[in-house]
Amino acid sequence: MRDAGRDARPTRPSPRKTFFITGSNSGFGLAIASAALQAGHRVIGTVRSQASRTALAKTLPGLRPVVCDVTEFDRIDDVVRQAEDEHGPVDVLINNAGYGHEGVLEESPIEEMRRQFDVNVFGAVAVAKAFLPGFRARRRGFIVNVTSMGGVITMPGIGYYCGSKFALQGISEVMRAEMAPFGVHVTTLCPGSFRTDWAGRSMVRTERSITDYDGLFDPIRKARQAVSGKQLGDPAKLAAAVLELIESDNPPPQLLLGSDALKHVSDRIVRLQQEIEAWKSVTVSTDG
């Protein structure tokens with residue numbers, strides 16, 4: 001039996017599209033690139049080194065690999081221009097490049113926060129801005145900014161990561177409002193826990209130094225490491241969801257993916273409503 005809710009969502013036909021995917025050699029980027037190629041789309045994928053470019057070309061022979069570090073802000077416009085000159089106008093930007101930082105706030109150097117924001121926020125925004133003029137001129141385009149359920153909720157020990165994803169979440173909502181008059185869609189992808197390298201080799205971890213935090217944080221770190229690679233979320237199914245998303249005529253501002261994301265974000269909304277109600281009298285007391 002078909003899902004009536006799915007049938008109710010208007011979708012466009014599915015002509016061949018050109019994707020530009022950052023961080024395409026692992027995790028969600030690789031899964032989305034693979035699915036898009038299998039669906040007959042053209043894919044341009046960025047990697048950070050020539051060695052990664054060579055490896056990705058062997059893994060996905062149909063992909064057009066491009067060397068681009070999203071923190072080299074001055075190069076991004078040229079990279080995008082060259083990619084479109086060689087492969088034609090891009091229809092879909094998947095802003096996927098990013099990584100996780102884990103560490104207690106008091107223990108974590110500001111330099112690690114700066115690096116986290118350079119990649120997860122400034123890099124993503126710089127890439128999006130490189131595409132905005134073309135999308136606006138063509139009156140079409142789709143930007144998918146990959147955030148996280150950690151861009152809607154928070155957890156101890158990933159303050160820099162959550163901060164970066166909250167920032168990208170907010171910027172994306174403004175981008176969506178500004179680009180809507182030109183027929184350009186912007187959606188944030190908010191995954192829960194998936195079987196990627198996010199909590200493994202891709203995560204930067206600050207060394208522990210303050211024993212007062214042992215009771216709070218050590219169990220969280222151990223639990224995260226223990227489930228790495230065993231999470232419920234399937235990257236291939238996320239990729240299929242993204243292909244469905246980019247065909248929608250009415251995509252959501254954000255799309256939660258994973259039952260854990262649904263639970264944690266829903267619980268946060270309930271708590272937020274309770275907090276607003278509990279402090280409503282103080283809130284309105286400042287008028288006048």
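**Entry 1. A pair of strands**

I began at leucine 93, whose bridge partner in E6 is isoleucine 143. I then looked up the two strands concerned: E4 (residues 92–95) and E6 (residues 141–146) run parallel and are joined by four bridges. For my own reference, helices (H or I, at least four residues) and strands (E, at least two) are DSSP runs, numbered from the N terminus. Two strands pair if DSSP finds at least two bridges between them.

I note that this is a predicted model, in which local features need pLDDT of at least 70 and side-chain atom pairs count only at pLDDT 80 or more, while totals for chains, interfaces and linings use all residues. Residues are numbered from 1 along each chain as its sequence is written, and side-chain values use heavy atoms, with hydrogens and water left out.

**Entry 2. The sheet**

I followed the pairing outwards and found seven strands in an open sheet, in the order E3-E2-E1-E4-E6-E7-E9, with parallel pairing. Strand E3 (64–67) and strand E9 (254–257) each have a single partner strand and stand at the edges, so one side of each is left without a neighbour in the sheet. From one strand to the next, the twist averages 20°. I recalled that strands of a sheet pair through backbone hydrogen bonds, either parallel or antiparallel.

**Entry 3. Helices on the sheet**

I looked next at what lies on the sheet. Helix H3 (residues 50–59) lies across strand E2 (42–47) and E3, and runs at about 170° to E3. Axes here are lines fitted to C-alpha atoms, for helices over the stretch in contact, and angles run from 0 to 180 degrees between N-to-C directions. Helix H5 (residues 110–138) packs on the sheet and touches E1, E4, E6 and strand E7 (184–191). The direction of H5 makes about 170° with that of E4. Contact means heavy atoms within 4.5 Å.

**Entry 4. Helix H8**

Which residues of helix H8 (residues 235–245) are buried? I listed Pro235, Leu238, Ala239, Ala241, Val242, Leu243 and Leu245. Buried means under 20% relative accessible area, exposed over 50%, and partly exposed in between (1.4 Å probe, protein chains only). The cover over the buried residues of H8 includes E1, H2, E4, E6, E7 and E9. At the N-terminal end, aspartate 234 caps H8, with a side-chain oxygen 2.9 Å from the backbone nitrogen of alanine 236.

**Entry 5. Histidine 101**

I turned to histidine 101, which lies in strand E5. Histidine 101 counts as buried because its relative accessibility is 1%. Its side chain makes polar contacts with the side chains of glutamate 112 (2.6 Å) and threonine 206 (2.9 Å). A polar contact is a pair of N or O atoms within 3.5 Å; within protein, one must be able to donate a hydrogen and the other to accept it, and residues adjacent in sequence count only if both atoms are side-chain atoms. Leaving aside neighbours within four places in sequence, I found histidine 101 in contact with several residues, among them Gln116, Tyr160, Tyr161 and Val204.

**Entry 6. Serine 26 and asparagine 96**

Where is serine 26 placed? I located serine 26 in the loop between strand E1 (18–21) and helix H2 (27–38). Serine 26 is partly exposed, at a relative accessible area of 24%. Not counting residues up to four places away in sequence, serine 26 touches Asn96 and Arg201.

Asparagine 96 lies in the loop between E4 and strand E5 (101–102). I recorded asparagine 96 as buried, because its relative accessibility is 13%. Beyond four places in sequence, the contacts of asparagine 96 include Thr22, Gly23, Ser26 and Val146.

**Entry 7. Cysteines**

How many disulfides are there? A disulfide is a pair of cysteine sulfur atoms within 2.5 Å, and the count comes to zero. Cysteine 162 is in no disulfide, and the nearest cysteine sulfur, that of cysteine 190, is 12 Å away. Cysteine 162 is buried, at a relative accessible area of 2%, and cysteine 190 is buried at 0%.

**Entry 8. The whole chain**

I closed with the protein chain, which has 10 helices and nine strands. Its radius of gyration is 20 Å, close to the 19 Å that the globule rule gives for 288 residues, so the chain is as compact as a globular protein of that length. The radius is taken over C-alpha atoms, and the rule is 2.2 Å times the number of residues to the power 0.38. Of the 288 residues, 44% count as buried.
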